[in-house]
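Me: I would like to go through this model with you and ask, term by term, what each label rests on. Please set each value against its definition before you conclude.

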Amino acid sequence: MIAIYPGSFDPITLGHLDLIKRSSTLFEKVIVAVLRNPSKQPLFSVEERVNQIRECTKEIPNVEVDSFQGLTVEYARKKKARVLLRGLRVMSDFEHELQMAHINKTLESSIETVFLATNTELSFISSSVVKEIAKFGGNIDHLVPPNIAREIYNKLGKKG
Ligand code: PNS
C-alpha cells in the first residue's frame with residue numbers, strides 16, 4: 001500500500017524524519033509530498049525542500065520525495081495512494097487534523113487518513129519554532145539534521 005505524507009516541510013525537522021522512518025516500515029512506499037502553496041512565503045523554495053528531504057531520506061529505499069499543487073486527495077489519487085499520513089504531536093494538533101481528515105474524506109471517500117503519534121521526545125518541534133530560534137541565532141542542532149541546520153543559517157545569513 002502506498003502512503004502520501006503531505007506537508008510544507010519548511011524546513012524538514014527531526015520530528016518529520018522520525019515519522020517518515022517509522023511509516024516506511026508500515027507501508028510499501030511512502031511519498032513525501034511538498035505542497036506548492038503560492039499563498040505562503042516560505043524560507044526555502046519547493047525545489048530546495050524537495051532536495052533537502054531527498055538528502056535526509058536517501059538511506060530509506062521505499063521513500064520517494066515529490067511536490068504537488070492543488071488538492072492533496074487528487075494528488076493521492078494520481079499516485080494510486082490509499083493513505084494520507086499525518087503526525088500528531090499534541091492535543092492542539094488534533095482539532096485541525098481531524099477537520100482536514102473529514103474534509104478529505106468528503107472529497108475522496110476511498111482515501112484514509114492515518115495518524116501516527118509523534119515520538120514524545122520530538123513532540124515540541126515545529127518548522128516555525130525552528131525558524132524563529134534560528135532567526136535569533138539560537139541552537140537548532142537538536143531540532144533538525146545537521147545539513148538542514150547549516151542550510152537554514154546560510155539562508156538566513158544571506159537574507160539578513
Ligand atoms: O505541513 P502543513 O503545512 O501542516 O501541511 C498542510 C497540508 C499541506 C497537508 C494541507 O494544507 C493540504 O493538504 N493542503 C492542500 C490543499 C488541500 O487538499 N486542502 C483540503 C484539505 S484541508
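Reply: Let us begin with helix α5 (residues 127-135), in which S127, V130 and A134 are buried. Before going on, note that this is a predicted model, in which local features need pLDDT of at least 70 and side-chain atom pairs count only at pLDDT 80 or more, while totals for chains, interfaces and linings use all residues. Residues are numbered from 1 along each chain as its sequence is written, and side-chain values use heavy atoms, with hydrogens and water left out.

Me: How do you know that S127, V130 and A134 are on the same side of α5?

Reply: In helix α5, S127, V130 and A134 are the buried residues in question. They cover an arc of only 60 degrees around the axis, and therefore lie on the same side of α5; the arc is that of the directions from the helix axis to the C-beta atoms. On the other side of α5, S128 and K135 are exposed. Helices here are DSSP runs of H or I with at least four residues, strands are runs of E with at least two, and both are numbered from the N terminus.

Me: Why is V30 called buried, and K80 exposed?

Reply: Buried means under 20% relative accessible area, exposed over 50%, and partly exposed in between, with a 1.4 Å probe and protein chains only. V30, in strand β2 (residues 29-35), has 0% relative accessibility and therefore counts as buried. K80, in the loop between α3 (72-78) and β4 (83-88), has a relative accessible area of 67%, so K80 is exposed.

Me: What makes the backbone at K80 and at F9 worth a remark?

Reply: Most residues other than glycine have a negative phi, and most peptide bonds are trans. K80, although not a glycine, has a positive phi of about 60 degrees, and F9, also a residue other than glycine, has a positive phi near 50 degrees. F9 lies in the loop between β1 and α1, and because its relative accessibility is 3%, F9 counts as buried. P11 lies in the loop between β1 and α1 as well, and the peptide bond from D10 to P11 is cis, with omega near 5 degrees.

Me: What makes the approach of S8 to the ligand a polar contact?

Reply: A polar contact is a pair of N or O atoms within 3.5 Å; within protein, one must be able to donate a hydrogen and the other to accept it, and residues adjacent in sequence count only if both atoms are side-chain atoms. An N or O atom in the side chain of S8 is 2.6 Å from an oxygen atom of the ligand, so the pair is within the 3.5 Å limit. A polar side-chain atom of T72 also lies 2.6 Å from a ligand oxygen, and for R86 the value is 2.9 Å. Taken alone the ligand exposes 540 Å², of which the protein buries 71%, these areas coming from the Shrake-Rupley method with a 1.4 Å probe and, for residues, only the protein chains shown as cover.

Me: Which elements each supply at least two residues of the shell around the ligand?

Reply: They are β1 (2-7) and α4 (91-107).
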